[in-house]
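Hello,

Here is the structure I promised to pass on. Please open it first, then read my notes below.

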Amino acid sequence: QVQLMESGGGLVQPGGSLRLSCAASESRFSIYTMAWYRQAPGKQRDLVASITSGGSTNYADSVKGRFTISRDNAKNTVYLQMNSLKPEDTAVYYCNADRYVHLIGQRYNYWGQGTQVTVSS
């Protein structure tokens, strides 16, 4: 069981920046694909950004050029740097860890508790 703990959320004005962090309890953190999702009130949970064990990244179109996902395997931590924040970025942001073991056909997927990000003047 992998435990994920997010931090760094809060209230920020439009155009501001925040950096989210997600610390994992798993010593084999480096083999997981890590991702950030977000869920606004009344909406589904959507992928914001992901980073593979090899460092390849993927972003939702709505955040490209503004958000950057990165990982520090020595610290078992993934980050989401959010710049030029907009009111529509307001949501609960969730950290996710995922890996698929092809040999046994088993997926391991874990979620954090979430951290609130509010963009408002």
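**The largest pocket**

Strands S4 and S5 (46-51) each supply at least two residues of the lining of the largest pocket. S5 gives the most, with three residues. The pocket holds about 170 Å³ of space. Its lining counts 15 residues, and the closest to its centre are Arg38, Ala40, Lys43, Asp46 and Glu88. Please keep in mind throughout that this is a predicted model.

**Leu47 in S5**

Leu47 is a useful stop in S5. Is Leu47 buried, partly exposed or exposed? With a relative accessibility of 31%, Leu47 is partly exposed. Tyr37 sits 10 residues away from Leu47 in sequence. In space, the two C-alpha atoms are 4.3 Å apart. Leaving aside residues up to four places away in sequence, Leu47 touches Ala35, Trp36, Tyr37, Asn58 and Ala60.

**Strand S9 and its partners**

Next, go to S9, which spans residues 91-101. S9 is mostly covered, as nine of its 11 residues are buried. Which strands pair with S9?

- S4 (residues 33-39) runs antiparallel to S9, and seven bridges join them. Here Trp36 stands opposite Cys95.
- S10 (residues 106-111) is also antiparallel to S9, with six bridges between them. Asp98 faces Asn109 in this pairing. Asn96 stands opposite Trp111.
- S11 (residues 115-119) pairs with S9 over three bridges, again in the antiparallel sense. Thr115 in S11 is the bridge partner of Tyr93.

S9 and S10 also make a hairpin. Four residues lie between the two strands. In that turn, Gly105 has a positive phi of about 65°.

One general point helps when you look along a strand. In a regular strand, side chains alternate between the two faces of the sheet.

**Asn96**

Asn96 lies in S9. How accessible is Asn96? Its relative accessible area is 4%. That is under the 20% cut-off, so Asn96 counts as buried.

A polar atom of the Asn96 side chain lies 3.1 Å from the backbone oxygen of Tyr110. Residues up to four places away in sequence are again left out of the contact list. Asn96 then touches Leu4, Thr33, Met34, Ala35, Tyr37, Asn109, Tyr110 and Trp111. Trp111 from that list is the residue opposite Asn96 in S10. Ala35 and Tyr37 are worth a second look: Asn96 touches both, and Leu47 touches both.

**The disulfide**

How many disulfides does the structure hold? There is one. Cys22 and Cys95 form it, with their sulfur atoms 2.1 Å apart. The angle about the S-S bond is -85°, and the link is left-handed. Cys22 lies in strand S3 (residues 18-24) and Cys95 in S9, so the disulfide ties together parts that are 73 residues apart in sequence. Both cysteines, Cys22 and Cys95, are buried. Cys95 is also the residue of S9 that stands opposite Trp36.

**Two positive phi values**

Most residues other than glycine have a negative phi. Two loop residues go the other way.

Asn76 has a phi near 55°, a positive value, and is not a glycine. Asn76 lies in the loop between S7 (67-72) and S8 (77-82). With a relative accessible area of 16%, Asn76 is buried.

Where is Ser84? Ser84 sits in the loop between S8 and S9. Its phi is positive too, at about 50°, although Ser84 is not a glycine. Ser84 has a relative accessible area of 41%. That value makes Ser84 partly exposed, because buried means under 20% and exposed means over 50%.

**Where to start**

For a quick tour, begin with the largest pocket and the residues closest to its centre, including Arg38 and Asp46. Move on to S9 and its hairpin with S10. Then find Asn96 and the backbone oxygen of Tyr110. Follow the disulfide from Cys95 to Cys22. Finish in the loops, at Asn76 and Ser84.

Best wishes

Terms used. Residues are numbered from 1 along each chain as its sequence is written. This is a predicted model: local features need pLDDT of at least 70, side-chain atom pairs count only at pLDDT 80 or more; totals for chains, interfaces and linings use all residues. Side-chain values use heavy atoms; hydrogens and water are left out. Buried means under 20% relative accessible area, exposed over 50%, partly exposed in between (1.4 Å probe, protein chains only). A polar contact is a pair of N or O atoms within 3.5 Å; within protein, one must be able to donate a hydrogen and the other to accept it, and residues adjacent in sequence count only if both atoms are side-chain atoms. Contact means heavy atoms within 4.5 Å. Two strands pair if DSSP finds at least two bridges between them. A disulfide is a pair of cysteine sulfur atoms within 2.5 Å. On a 1 Å grid over the protein atoms alone, a cavity is a set of points where a 1.4 Å probe fits but cannot get out, and a pocket is an open set with protein on both sides within 12 Å along at least five of seven lines; lining residues have an atom within 4 Å of a point. Grid points are joined across faces, edges and corners, and a volume is the space filled by probe spheres set on the points.
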